[in-house]
Amino acid sequence: MKVPKRSARLKNLQESKKDAEKEEANNLLEQKDKTEEAVERSKEEENLVESPVISDDDDEDFSDDDGSLGESGSEDSHLSGEEDVFVSSDGEDSFDAKSDDVGGNGASGSGRDDTEHGEDDDSESDDSRPVVEESDSSEDEVAPRNTVGDVPLEWYKEEEHIGYDLAGKKIKKKERQDKLDSFLASVDDSKNWRKIYDEYNDEEVELTKEEVKLIKRLLKGKAPHADFDPYAPYVDWFSWDDSKHPLSSAPEPKRRFIPSKWESKKVVQYVRAIRKGLIKFDEKPKEEPSAYLLWGEDSNAIDRQGLAYIPAPKPKLPGHDESYNPSLEYIPTQEEINSYQLMYEEDRPKFIPKRFTSLRNVPAYEKAVNENFSRCLDLYLCPRARKKRINIDPESLKPKLPSRKDLRPYPTSCYLEYKGHKGPVVSISTESTGQWIASGSSDGTVRIWEVETGRCIRIWELGESIRHVSWNPMPERPILAVCMGEDVYLLNTGLGNAEEQKSLEELLRVEMPSTPDDSDNDKTIVNWVQDDKNGGIRLKHFKTQRIPFKLHGLPVSTAFHPSRSAFFISTKKNIRVYDLLKQKLIKKLETGLREVSSIAIHPGGDNLIVGSRDGKLCWFDMDLSSQPYRVLNCHPKDINRVAFHRSYPLFASSSDDCTAYVFHGMVYSDLNQNPLIVPLEILRGHASENGRGVMDCKFHPRQPWLFTAGADSVIKLYCH
């Protein structure tokens with residue numbers, strides 16, 4: 001067939017023409033680049049730094065070049081059109097890669113070159129093809145090579161890659177060229193001013209001529225596209241051919257013929273306002289008098305609101321003394337003028353009359369400026385409104401508390417010390433008669449002291465840290481209870497006469513059962529064991545008995561009511577009062593403290609004091625409220641123990657700050673009178689040991705004395 005041969009010839013001719021045109025275009029561009037480099041070098045020699053921006057002349061040159069290239073493009077398009085004719089007439093594909101490809105590319109390579117050249121010609125020549133409107137759709141945009149999105153590129157500073165491509169592979173960073181080498185390369189490259197570094201994709205982008213033209217138009221404030229018409233004719237989207245009137249021809253709505261309810265309500269409001277006198281008609285405006293008294297009082301004419309208005313003080317009216325030609329009796333003699341000099345300045349007359357023959361001879365007043373200033377000062381400092389000032393004595397705001405001398409007796413100074421323990425004294429307890437005191441220490445010993453002499457008469461070595469000691473309140477049975485770990489000891493103190501000792505021995509004797517009792521209840525709760533070594537009974541607790549009360553938290557401290565069958569249990573936040581007979585909750589007291597440490601009940605049973613770990617002491621009046629009646633911020637550290645006196649109106653608190661506070665707390669039988677709380681004394685003397693201070697405090701049962709047990713293994717007695 002002859003068609004393929006003819007098409008091959010045409011292609012060869014077309015390729016030869018294209019090569020020749022490309023060489024000419026490249027020569028022109030090289031000449032232009034050389035001229036630009038020469039101009040830039042001359043400018044650099046003259047120390048003039050200018051940015052390489054394409055001028056209008058360059059655009060014309062480019063347009064001329066584009067024109068030449070456009071002609072060639074038109075010829076190519078003509079030839080390509082002829083090729084299409086041949087191919088369509090034959091019905092077969094004349095461009096076969098296998099038949100005509102010698103070097104591996106063949107006609108496909110030439111076809112690609114043709115398409116590329118055609119694209120260049122189309123981009124460079126604007127007159128050879130119609131203008132195609134650009135689309136604003138994001139689908140037409142070329143997707144970036146890097147797909148990291150809005151992730152900051154600073155995150156990739158220390159990495160070897162800068163992001164990921166569409167296939168998910170890492171985009172390696174290019175090796176950074178030395179700045180000196182890059183500068184020399186940019187000097188030698190004439191098209192360096194067109195290159196822009198794309199930090200997002202880590203590559204250099206060279207701007208095309210069309211992009212340079214677009215940027216140039218944007219810098220001039222023009223539209224980016226040359227075919228854009230900013231003054232396009234207005235398009236009226238609505239046609240008014242059939243409409244005869246601009247208003248709507250719809251029928252009137254029903255609401256225009258029915259009376260409005262809102263208007264009727266408004267009319268009723270206006271009628272009521274007129275009846276009440278809020279709206280008045282035919283009122284004539286107040287006529288201001290044309291004449292008024294120059295020196296009269298105008299305070300009545302001015303309506304003042306608020307407090308009573310006080311008018312500004314007015315100067316005295318001028319008399320005969322201020323006349324320029326007063327009578328002779330108003331003119332002082334020389335002796336009187338000399339006597340004025342001997343007077344105090346406050347008593348001296350401010351104005352001395354003088355006589356002049358005419359008004360023209362009167363000079364200017366020499367004190368006019370000073371008197372004007374004093375007048376303005378008086379007006380500025382004058383009170384213009386009456387204000388009721390309350391004169392309150394600061395001393396009257398203080399609560400009226402009785403004197404400490406009137407509240408005696410109370411403990412003030414240390415009278416005696418009880419030394420013998422080797423560890424911190426954790427708990428102390430006084431005997432009901434006040435003759436003996438028992439103490440328990442963390443060294444595992446329990447001691448009994450004589451109060452008046454300080455002599456230790458009995459020592460028990462139990463081998464474990466003591467938690468609490470307590471005397472039997474009945475004086476005829478001197479039994480001491482000691483809490484140690486999970487066990488409780490009931491010890492015979494050996495005090496009292498022979499009859500009392502005999503009854504105590506019978507009381508503290510436990511008969512061992514002949515046959516072992518397998519009862520689960522007795523075995524799991526407590527076991528009574530005879531302790532011959534210490535002379536008493538040992539209660540071994542295997543399992544704590546469950547009380548019939550529901551507690552919301554761990555119990556911290558407990559106490560019994562002094563006269564009624566009531567039981568007080570305190571948790572870290574609240575205190576609950578239960579009736580033991582009915583086994584139900586009576587009252588709940590809300591402390592508002594961080595953590596409760598100890599409680600004490602008033603001998604009357606209606607008041608309660610609470611110590612806390614944050615150094616606050618709360619007084620509760622249970623007949624008044626479930627909230628604290630008074631909160632005292634007395635100690636800077638934790639309060640370990642609080643205590644009431646049995647007969648005196650005294651209560652005390654001990655803290656880790658090595659002090660004990662003594663207060664006067666009087667409770668009246670009259671329910672209308674609140675309790676009186678007065679701070680009395682701060683007792684010091686204990687030393688701190690491992691951050692702990694005064695561990696326990698107890699009052700003497702009959703005297704206003706206070707016993708304190710410290711972490712320094714010393715017990716002190718404070719007397720009045």
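**Exercise 1. Determine which residue caps the N-terminal end of helix α7, and describe how the helix continues from there.**

Step 1. The cap is Ser 260, a side-chain oxygen of which lies 3.3 Å from the backbone nitrogen of Trp 262; a polar contact is a pair of N or O atoms within 3.5 Å, where, within protein, one must be able to donate a hydrogen and the other to accept it, and residues adjacent in sequence count only if both atoms are side-chain atoms. The model is a predicted one, in which local features need pLDDT of at least 70 and side-chain atom pairs count only at pLDDT 80 or more, while totals for chains, interfaces and linings use all residues. Residues are numbered from 1 along each chain as its sequence is written, and side-chain values use heavy atoms, with hydrogens and water left out.

Step 2. Helix α7 covers residues 261-276, and its 16 residues reach 23 Å from the first C-alpha to the last, close to the 22 Å expected at 1.5 Å a residue; that expected span is 1.5 Å times one less than the number of residues. Helices (H or I, at least four residues) and strands (E, at least two) are DSSP runs, numbered from the N terminus.

Step 3. After α7 comes Gly 277, with a positive phi near 90 degrees.

**Exercise 2. Establish how strand β19 is joined to strand β20, and whether the residues of β19 are buried or exposed.**

Step 1. Strands β19 and β20 (residues 607-612) run antiparallel and are joined by 5 bridges, where two strands pair if DSSP finds at least two bridges between them. Within this pairing, Ile 601 stands opposite Leu 608 in β20.

Step 2. The hairpin of β19 and β20 has 5 residues between the strands, and there Gly 605 takes a positive phi near 90 degrees.

Step 3. Because 6 of the 6 residues of β19 (residues 596-601) are buried, this strand is largely enclosed by the rest of the structure; buried means under 20% relative accessible area, exposed over 50%, and partly exposed in between (1.4 Å probe, protein chains only).

**Exercise 3. Describe the surroundings of Ser 655, which lies in strand β24.**

Step 1. Strand β24 spans residues 650-655, and Ser 655 is buried, with a relative accessible area of 0%.

Step 2. The side chain of Ser 655 reaches the backbone oxygen of Asp 638 at 2.6 Å, and also makes a polar contact of 3.2 Å with the side chain of Asp 657.

Step 3. If neighbours within four places in sequence are left aside, the residues in contact with Ser 655 include His 635, Ile 639, Gly 693 and Val 694, contact meaning heavy atoms within 4.5 Å.

**Exercise 4. Locate Pro 411 and find which residues it contacts.**

Step 1. Pro 411 is found in the loop between α10 (394-397) and β5 (413-419), and is buried, with a relative accessible area of 0%.

Step 2. Leaving aside neighbours within four places in sequence, the contacts of Pro 411 include Leu 650, Val 662, Leu 706, Tyr 718 and Cys 719.

Step 3. The C-alpha atoms of Pro 411 and Leu 717 are separated by 8.9 Å, although these residues are 306 residues apart along the chain.

**Exercise 5. Find how many disulfides the structure holds, and examine Cys 414.**

Step 1. The structure holds 0 disulfides, a disulfide being a pair of cysteine sulfur atoms within 2.5 Å. For Cys 414, the nearest cysteine sulfur, that of Cys 719, is 8.3 Å away.

Step 2. Cys 414 is partly exposed, with a relative accessible area of 37%, and Cys 483 also counts as partly exposed, at 25%.
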